[in-house]
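User: I should be grateful for a close look at one part of this model. Please choose one helix, describe how its neighbours pack against it, and then follow the packing outward.

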Amino acid sequence: MVALVERHTISFFKDIEGTINDARQYFNNTREPVAFTVAGRTIYLLMSTNDIYAAQKAVEDLNHDVSTVNFMSRFGVTKPGLQILFEDPPPSLLASTTLEPNPGRKNMVHLGAALFVTQLTPGKYLDTVQETCLDLLDQKMALHNLLSNPRFRTANTTSRPISLVSWVSHTLIESTSAAFFGPALLRLEPDLARYFLEFDSKMWKLLYSIPRPWSDDMLAARSKLQNALVAYLELPADEKAGGSWFVSKFESEMRARDISTHDIAGCLAMVYWVANTNTWRLCFWILAYALHDPRLKEVITQEILPFTTNDQPVASLPATLSQCRQLSAVYHEVLRVVNSPISLRHVTSSARTASEKVLRPGTQVMMAHTQLLRDGQVFGTSPDTFDPSRFLNKEGLTKSRNFTPFGGGTRLCPGRFFAKAEIFAFIGLAIGRFEMSVHSTKGFPRPDWKSGAGMGILSPMEGDDVLLDVVPRREKA
């Protein structure tokens, strides 16, 4: 039998990681499944490696489509659009010679997910979009672009240092936008990165279906993002040149099913959020930890500099920097310690956990990956503390079943290769071209465990930042 806990809806979602920790400690850290009753709904919480691993494999009994429907509707996709998206494809589409082959007769939701995976799986499609993105990063990381961009400068000090949050977020979001959509999207809406960040900071209101008027600010920011995508979709095909294989194929498949431009934009807004929300945050935390620790900063700098000579093509940086053991350890430790990934499934038929607890149909399953990532039996002493040496001292730690920063099973994040390439290229260019130092001693930024919980890499608390003094790196005589 699963232990049952009554929980008020607001307290459950306002501090979901705190609620999960309280439940684990209340039951003496056994990591046995716990059932919460929230607003009349039963949610089974899984916290052990074996239970989560088994749940990820139980694709017949634990379904993701219900969560997908809810998520898409919150992004503004209409009921008629959702109906078409989940319909079996008609024979005319299966026989088409201009659309992607679909021998498995996938509906549009599953076909779109397969196209996205194909785009981001190592191979020719990923190579193309990644090369475009890194070329744009190379341009944006030039000294004159850094110093002349008013978005990167803080206005509350006389010396106007660089904001690490603004530098990392705008540079990576704009590069990713252009890599996926070509130059047209940012030409239509030059402030799209700012609008996205406004939306992303309020994303928890969408995730937890906060009603109006408390969600009006999130909905307004979402509308700006979707309006830009509608304008992009209404452009003639030749004006959308330079975009990714995925976006072109996805639009063609949606048009062939007579799905409205509004609903296509809603779906692409989801893609845009997935492609951008975690990458800049992960890059921010890596640099924040490195720049606040003089010894760590020096070690990483000495690792990276040999690979950042003037004749080193930026496209080669991700692969070469992956050889840097300390940088890789910091990357993995940030993924572990500043991360709150939660997976949801709906129980469609009676199922059992690995620990033989019964899951009743019509309920939900919540997989708390943070509990795996902070398991002291796997990651050693002080698992809540940032310590990249744990990945240097223990071989194979990234292959542990507890190391699930990207989820797992059929829902393993397909963007992990692209994100790592972007991040390593940004860090390589930043350290190779500039000498950076923390401008003030305001203190280390705090992760936002409240509003960001459950969505992946945490953002810093509102107002927390790392202010930097940045000058061109001097070549050694």
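Analyst: The account below begins with helix α8 and its two partners, turns to the nonpolar cores, and ends with several loops.

The model is a predicted one. Two packed helices are described by the angle between their axes and the distance between the axes. Helix α8 covers residues 124-140, and its axis comes within 8 Å of that of helix α10, residues 164-181, the two crossing at roughly 140 degrees. Angles over 145 degrees would count as roughly antiparallel; α8 is therefore oblique to α10. The crossing of α8 past α10 is right-handed. On the α8 side, the residues that meet α10 are Val 129, Thr 132, Cys 133, Leu 136, Leu 137 and Lys 140. Their counterparts in α10 are Thr 171, Leu 172, Glu 174, Ser 175, Thr 176, Ala 178, Ala 179 and Phe 180. Sorted by class, this contact of α8 with α10 comprises eight nonpolar, four polar and two charged residues.

The second partner is helix α24, residues 416-433, whose axis comes within 10 Å of that of α8 and crosses that axis at roughly 25 degrees. Because angles under 35 degrees count as roughly parallel, α8 is described as roughly parallel to α24. Here too the crossing is right-handed. From α8, the residues Leu 126, Val 129, Gln 130, Cys 133, Leu 134, Leu 137 and Asp 138 take part. They meet Phe 417, Phe 418, Ala 421, Glu 422, Ala 425, Phe 426, Leu 429 and Arg 433 of α24. The contact of α8 with α24 holds eleven nonpolar, one polar and three charged residues. Val 129, Cys 133 and Leu 137 of α8 appear in the contact with α10 and also in the contact with α24.

Phe 426, on the α24 side of that contact, leads into the interior. Beyond its neighbours up to four places away in sequence, Phe 426 touches Leu 137, Met 141, Trp 167, Val 168, Thr 171, Leu 172, Cys 283 and Leu 287. In soluble globular proteins, nonpolar side chains tend to be buried together. The largest nonpolar core of this model has 114 residues, and Phe 426 is listed with Leu 85 and Trp 167 as having the most contacts inside it. Helix α17, residues 279-291, supplies the largest share of this core, eleven residues. Another core lies apart from it, with 14 residues that include Ile 16, Phe 36, Ile 43 and Leu 45.

The loops remain to be described. Leu 412 is in the loop between α23 and α24. With a relative accessible area of 33%, Leu 412 is partly exposed. Apart from neighbours within four places in sequence, Leu 412 is in contact with Phe 406 and Gly 407. Between Leu 412 and Val 271 there are 15 Å from C-alpha to C-alpha, at a sequence separation of 141 residues.

Ser 382, in the loop between α22 and α23, has a positive phi near 50 degrees although the residue is not glycine. Its relative accessible area of 46% makes Ser 382 partly exposed. Asp 258, in the loop between α15 and α16, likewise has a positive phi, near 60 degrees. Asp 258 counts as exposed, at 67% relative accessibility. Finally, a cis peptide bond with omega of about 5 degrees joins Arg 212 and Pro 213, and Pro 213 belongs to the loop between α13 and α14.

Notes. Residues numbered from 1 in each chain as written. Predicted model: local features only at pLDDT ≥ 70, side-chain atom pairs only at ≥ 80, totals over all residues. Heavy atoms only, no water. Axes fitted to C-alpha atoms, helices over the stretch in contact; angles between N-to-C directions. Helix = DSSP H or I, 4+ residues; strand = E, 2+ residues; numbered from the N terminus. Parallel < 35°, antiparallel > 145°, perpendicular 65-115°, else oblique. Left-handed = near helix turned anticlockwise from the far one by under 90°. Contact = heavy atoms within 4.5 Å. Nonpolar A, V, L, I, M, F, W, Y, C, P; charged D, E, K, R; others polar. Core = buried A, V, L, I, M, F, W, Y, C linked by side-chain atoms within 4.5 Å. Buried < 20%, exposed > 50% of the residue type's maximum accessible area, 1.4 Å probe, protein only.
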